[in-house]
Amino acid sequence: ERGGYEHFMLKEIHEIPKVIEDTLFEYLSEDIEMDASFSAGISEIVFIACGTSYHASLVGKYLIEKLTGIPVRVEFASEFIYHQPPMHRALTIAITQSGETADTLEAMRIAKKLGAKTLAIVNVLGSTATRVADHVLYTRAGPEISVAATKSFIAQLIVLYLIALKLSRLPGSEVNRLIDELRAMPELVRKVLEREGEIEQIAVLISGYENMMYIGRGIGVPIAMEGALKMKEISYIHAEAYPAGELKHGSFALLGEKTPVIASLVPDETYEIMLNNIKEVKARESVVVAVADEDDQEVEKYVDFVIRVPKTEHIFSAITHSVVLQLLAYHTARKRGCEIDKPRNLAKSVTVE
Ligand code: M6R
């Protein structure tokens with residue numbers, strides 16, 4: 001049932017190109033049909049989610065604010081429940097792979113009571129979240145067995161790209177161009193998967209450390225957060241994620257030869273300042289592994305290793321970079337002999353608050 005793969009996690013990472021195709025097909029064949037109340041006059045969006053789905057929400061915030069100008073908040077479901085922030089009739093988007101996460105379900109119920117419309121982005125058909133929400137958009141990731149979310153995260157991103165493009169103020173021709181780029185993503189992810197051997201070699205090096213730091217800027221911040229979560233969850237290496245510009249406000253103290261840094265270098269307006277941040281990190285003697293575009297000639301001058309990803313529109317780097325970081329976590333955990341599909345202390349869905 002693992003289709004020849006040693007673990008479900010690896011099988012599920014290798015299914016990502018197909019998952020992207022299936023999720024795009026679902027919505028591009030018929031257009032993303034949301035009733036008028038969904039898209040008409042949204043003045044604010046609030047995401048509620050946990051774990052990896054929370055990181056997808058952060059990517060969603062970046063995309064929606066950038067492409068539509070609608071303000072977006074992202075709340076941990078577990079905090080939302082007790083804090084109950086003002087909603088101003090905001091559209092609430094809950095993201096949950098399982099559709100059974102207790103905190104997310106409770107937060108959705110509260111959001112409804114506070115007068116918000118709820119949309120759920122869910123992977124499991126017929127799960128509780130699909131019955132609580134006013135509106136459901138399914139991700140087409142198929143069953144995900146490994147506790148670590150991989151393909152479901154990428155499917156969530158695909159739905160978020162489509163929502164952001166649907167609500168965007170960009171001219172139609174630009175939206176169509178971006179959709180064409182999205183259609184090319186399965187092929188680009190296949191190219192990332194071809195680099196697995198290279199990523200595995202870097203994982204061998206990483207596997208000897210007990211602390212790591214992931215950094216990024218802009219859309220690179222949630223990429224870093226998700227990369228660090230994956231690493232902690234399955235390899236038990238302590239991994240922190242930081243917006244690169246925040247390092248100097250305290251976390252610099254952790255850097256040094258015992259703390260390698262994984263830097264997500266996205267080819268957008270943050271690129272130059274990220275390079276500066278990388279130089280600052282190198283000056284503290286940390287080993288730096290950058291994830292960067294294949295045609296980037298600059299970065300290799302400053303870092304120890306570069307993992308290359310195919311060139312794409314910068315907003316889609318969240319996909320290519322995340323697949324790299326999933327493989328890096330997988331191979332690091334494998335090298336450390338960890339129980340990859342069922343990490344200690346964790347369950348696939350967290351059905352208690
Ligand atoms: O099923 P959900 O998306 O609601 O689950 C949320 C988190 O429990 C989940 O993403 C968790 O963080 C994963 N194990 C991370 O890989």
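This report walks through the overall build, the two sheets and the empty spaces of a predicted model.

## The chain as a whole

Let's start with the big picture. The secondary structure of this chain amounts to 14 helices and ten strands. Along the principal axes, its C-alpha atoms fill a box of roughly 55 × 45 × 40 Å.

How does the radius of gyration of the chain sit beside that of a compact globule? A compact globule with 353 residues would have a radius of gyration near 20 Å, and the chain has 19 Å, so the two agree.

## The sheet of strands 1 to 5

Now for the strands. One open sheet holds five of them in the order 2-1-3-4-5, and their pairing is parallel. At the edges are strand 2 (72–76) and strand 5 (135–138), each of which pairs on one side only. From one strand to the next, the twist averages 20°.

To see the pairing up close, look at strand 1 (residues 45–49). Strand 1 and strand 2 run parallel and are joined by five bridges. Within this pair, Ile-45 stands opposite Val-72 of strand 2.

A helix also belongs in this picture. Helix 6 (residues 102–113) lies across strand 1, strand 3 (91–96) and strand 4 (117–122). The angle between helix 6 and strand 3 is about 170°.

## The sheet of strands 6 to 10

Further along the chain there is an open sheet of five strands in the order 7-6-8-9-10, again with parallel pairing. Which strands form its edges? They are strand 7 (238–243) and strand 10 (305–309), and each pairs on one side only. Ignoring direction, neighbouring strands of this sheet are turned by 20° against each other on average.

Strand 6 (residues 211–216) pairs with strand 8 (residues 261–264) in the parallel sense, over three bridges. Here Met-213 stands opposite Val-261 in strand 8. Lying across strand 6, strand 8 and strand 9 (288–293) is helix 13 (residues 271–282), which runs at about 170° to strand 8.

## The largest pocket

Next come the empty spaces. Rolling a probe the size of a water molecule over the atoms shows where such space is left.

The largest pocket has a volume of about 610 Å³. Its lining is made up of 28 residues, and those nearest its centre are Cys-50, Gly-51, Thr-52, Lys-348 and Val-350. Two or more lining residues come from each of helix 4 (51–68), strand 3, helix 6, helix 8 (151–167) and helix 12 (220–235). Strand 3 and helix 6 will be familiar from above, where helix 6 was seen lying across strand 3. Sorted by class, the lining of this pocket has ten nonpolar, twelve polar and six charged residues.

## The largest cavity

How many cavities of 30 Å³ or more does the structure hold? There is one, and the volume of the largest cavity is about 30 Å³. The residues that line the largest cavity are Ile-223, Glu-226, Gly-227, Lys-230, Ser-322, Leu-325 and Gln-326.

Helix 12 and helix 14 (317–335) are the elements that give two or more residues to this lining. Which of the elements gives the most to the lining of the largest cavity? That is helix 12, with four residues; helix 12 also gives two or more residues to the lining of the largest pocket. By class, the cavity lining divides into two nonpolar, three polar and two charged residues.

Technical notes
Residues numbered from 1 in each chain as written. Predicted model: local features only at pLDDT ≥ 70, side-chain atom pairs only at ≥ 80, totals over all residues. Heavy atoms only, no water. Pairing = 2+ DSSP bridges. Axes fitted to C-alpha atoms, helices over the stretch in contact; angles between N-to-C directions. Contact = heavy atoms within 4.5 Å. 1 Å grid on protein atoms, 1.4 Å probe; cavity = no way out; pocket = protein on both sides within 12 Å on 5 of 7 lines; lining within 4 Å. Points joined across faces, edges and corners; volume = space filled by probe spheres on them. Nonpolar A, V, L, I, M, F, W, Y, C, P; charged D, E, K, R; others polar. Rg over C-alpha atoms; globule rule 2.2 N^0.38 Å.
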